[in-house]
Amino acid sequence: MARKITYQQAINEALDQEMSRDPSVIVMGEDNAGGEGSPGEMDAWGGVLGVTKGLYHKHPGRVLDTPISESAFIGAAIGAACNGLRPVAELMFVDFMGVCFDQIFNQAAKFRYMFGGKAETPVVIRTMYGAGFRAAAQHSQCLYSLFTHVPGLKVVVPSNPYDAKGLLIESIRDNDPVIFFENKVLYTMEGEVPEEIYTVPFGEAAILREGDDVTIVALGRMVNMAQEAAEALQKDGIHCEIIDPRTTSPLDEETILESVEKTGRLVVVDEANPRCSMASDIAGLVVRKAFGALKAPIEQVTAPHVPPPFSDVLEDLYVPNAAKIERAVTRVAEYR
Amino acid sequence: MNTELNRESLLKAYRMMRTIREFEERVHTDFATGEIPGFVHLYAGEEASATGVCMHLSGNDYIASTHRGHGHCIAKGVDPAGMMAEIWGKETGTCKGKGGSMHIADLSKGMLGANGIVGGGGPLICGTALAAKLRGDKTVGVCFFGDGASNQGTILEAMNLATVWNLPAIFVAENNGYAETTSPNYSVACENIADRAAAFGMPGVIVDGFDFFAVYEAAGEAVKRAREGGGPTLIEVKVSRYYGHFEGDQQKYRAEGEVQKLRNEKDCLMQFRRHVTADGDISAAELDAIDAEVLAMIDDSVVRAKADPKPGPEELLTDVYVSY
């Protein structure tokens, strides 16, 4: 039965249900319970923002607090995946990939190919991303395109509670390494989520709104902003089709291309920096494979090519919003 | 000296070391002809280390290796013929010709891979050891790494985590005196790599890596401790390599006559032979017979590797994901 829960609760529920179903699933990360070795109570935090709260007591011995030592514990999750477990490791903020990226892109991502198809690495790395918390340059980036670039990794960017639960369960059951991106602003977003276990397959985009005038492809938190923009544009007589790829690797190219074949106009909305981004990747895809259908130049609505700033004034300017999307869609729609 | 090794085990250890030596000498020779592609790092000279450690391991135990990984692979039971084909880039190779010398792995043998990244194996072996500990299956994980890797954060982080989680892990620092060209006298801030063990709350021991029995004994204690839940150990194996960092290295950073002196005075096979034949239980003729068998086996593996086909073009696009 579906009821309204938050994105954060949906993630917690997916972990809880999969840990109950499969004893090989373990959870590890910095303060994932919280309080290990300290004089007070255990499960003091349940992760820095409380996403894994409660799992420690429900699943004794299977929620491991780690030292602040990302190379060691992300690598350990990968090694454990090679030896029969299905670890879900938390890289607290994706910005911290800089201190452990080797274990992800040179080790986990390569094992299957490099070892001639004889290795499986069923590890999930959950990580927070995105601006909006005034957390500044080292705690606010959207780095999914860096992982998407690496063959061997799967990259998941859920935009709502329903997808978060279904995609996380799919991630845990997948036999390839999966990087699961959680937008920290979306943690409080509520949505209908079934209580029962279900999966959302990788590489299947969601069409969240149908329209004939302009295709908007948006990722993560930007999906909601695109919906807000589309609602306003509807009043002006511009009908947008909104596509949420849900996973950037694999990418559902077909759904994007089919939509552009219909509308002939595309706006890509990506909270990340613009160069070598999902925005430029999707724009490039459409230019290569649906060039004949295009009636207007493709617009990209992204953060500018600067690090995320701290000041609220600057951060609000940095992140794409519904107004920017509306302007871009209008330009594309009016192009003749 | 160790007395627990029976005759059968001694012959097995000798065969393992001889196989590694013969394999590496043959790759060295063949590489010089220009027929072997890529980067190759040879383990000749260090055979007692891999053998002394892996003689304590079963197929369910894991090891993580280094770019200089052929010896570890052979000692862990990876098929030398498959390895040779892999090094020649053939479809019959251990990894279907997709890995090469630096990435030979066989998880069915508990061999988690040679590794092109210096220090890459430390965190991984913490993971296999964690899985073993959570299952309570009494298996262990061994991370082989070099003096160069001893300065990598991954190794230091892994040793810390191994103690924090009391993992059945053994860290084997093969100090062969050169990180590429750079001596640990320069690059390692303390006198011995093993000295760092104290900082991570684990026992640290130093052994002569030319002496199989010394390695075997130290590794035996460490593996026993790990299997019994006593946590990790750092073993520093002081050894040397007979060839360059990679094949083609002119080795101008080494002292004149250094390798020849080691071959003449310290060689692990020479010492082993002298030791086991001294009491007359094993004859030189028996060891000679093993030498001949190993030589024939390596010859055969090269003949087959040369004749085997390269991977078909369709192999380029497979083994990336579950789906393709």
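Me: What makes the five strands β9-β11-β10-β13-β14 of chain A an open sheet, and which are its edge strands?
Reply: In this predicted model, five strands of chain A form an open sheet in the order β9-β11-β10-β13-β14, with mixed pairing. The edge strands are β9 (206–209) and β14 (299–302) of chain A, each of which pairs on one side only. From one strand to the next the twist averages 25°.

Me: How do you know that β10 and β11 of chain A pair, and in what sense?
Reply: Two strands count as paired if there are at least two bridges between them. Strand β10 (residues 214–218) and strand β11 (residues 240–244) of chain A have four bridges, in the parallel sense. Therefore they meet the criterion of at least two bridges. As an instance, Thr215(A) has Glu241(A) in β11(A) as its bridge partner.

Me: Which strands does helix α7 of chain A lie across, and what is its angle to β11(A)?
Reply: Helix α7 (residues 221–235) of chain A lies across β9, β10, β11 and β13 (266–270) of chain A, and runs at about 170° to β11(A). Angles over 145 degrees count as roughly antiparallel, so α7(A) is roughly antiparallel to β11(A).

Me: What is the corresponding description for helix α11 of chain A?
Reply: Helix α11 (residues 322–334) of chain A lies across β10, β11, β13 and β14 of chain A, at about 175° to β14(A). With the limit for roughly antiparallel set at over 145 degrees, α11(A) is therefore roughly antiparallel to β14(A).

Me: How many residues does each chain give to the contact between chains A and B?
Reply: Chain A gives 32 residues and chain B gives 35 residues. On the side of chain A that touches chain B, α3 (70–82) and α4 (101–114) are the elements that give two or more residues. The largest share, 10 residues, comes from α3(A). By class, this side of chain A has 15 nonpolar, 13 polar and four charged residues.

Me: Why is α3(A) called oblique to α5(B)?
Reply: The axes of α3(A) and helix α5 (residues 121–135) of chain B come within 6 Å and cross at roughly 55°. Angles under 35 degrees count as roughly parallel, 65 to 115 as roughly perpendicular and over 145 as roughly antiparallel, with the rest oblique. The crossing at roughly 55° fits none of those ranges, so α3(A) is oblique to α5(B).

Me: What is the hand of the crossing of α3(A) and α5(B), and which residue classes make up their contact?
Reply: α3(A) passes α5(B) in a right-handed crossing. Residues of the contact include Gly75(A) and Ile78(A) of α3(A), and Leu124(B) and Thr128(B) of α5(B). The contact of α3(A) with α5(B) divides into 12 nonpolar, five polar and no charged residues.

Technical notes:
Residues numbered from 1 in each chain as written. Chains lettered and ligands numbered in written order. Predicted model: local features only at pLDDT ≥ 70, side-chain atom pairs only at ≥ 80, totals over all residues. Contact = placed C-beta atoms within 7 Å. Nonpolar A, V, L, I, M, F, W, Y, C, P; charged D, E, K, R; others polar. Axes fitted to C-alpha atoms, helices over the stretch in contact; angles between N-to-C directions. Left-handed = near helix turned anticlockwise from the far one by under 90°.
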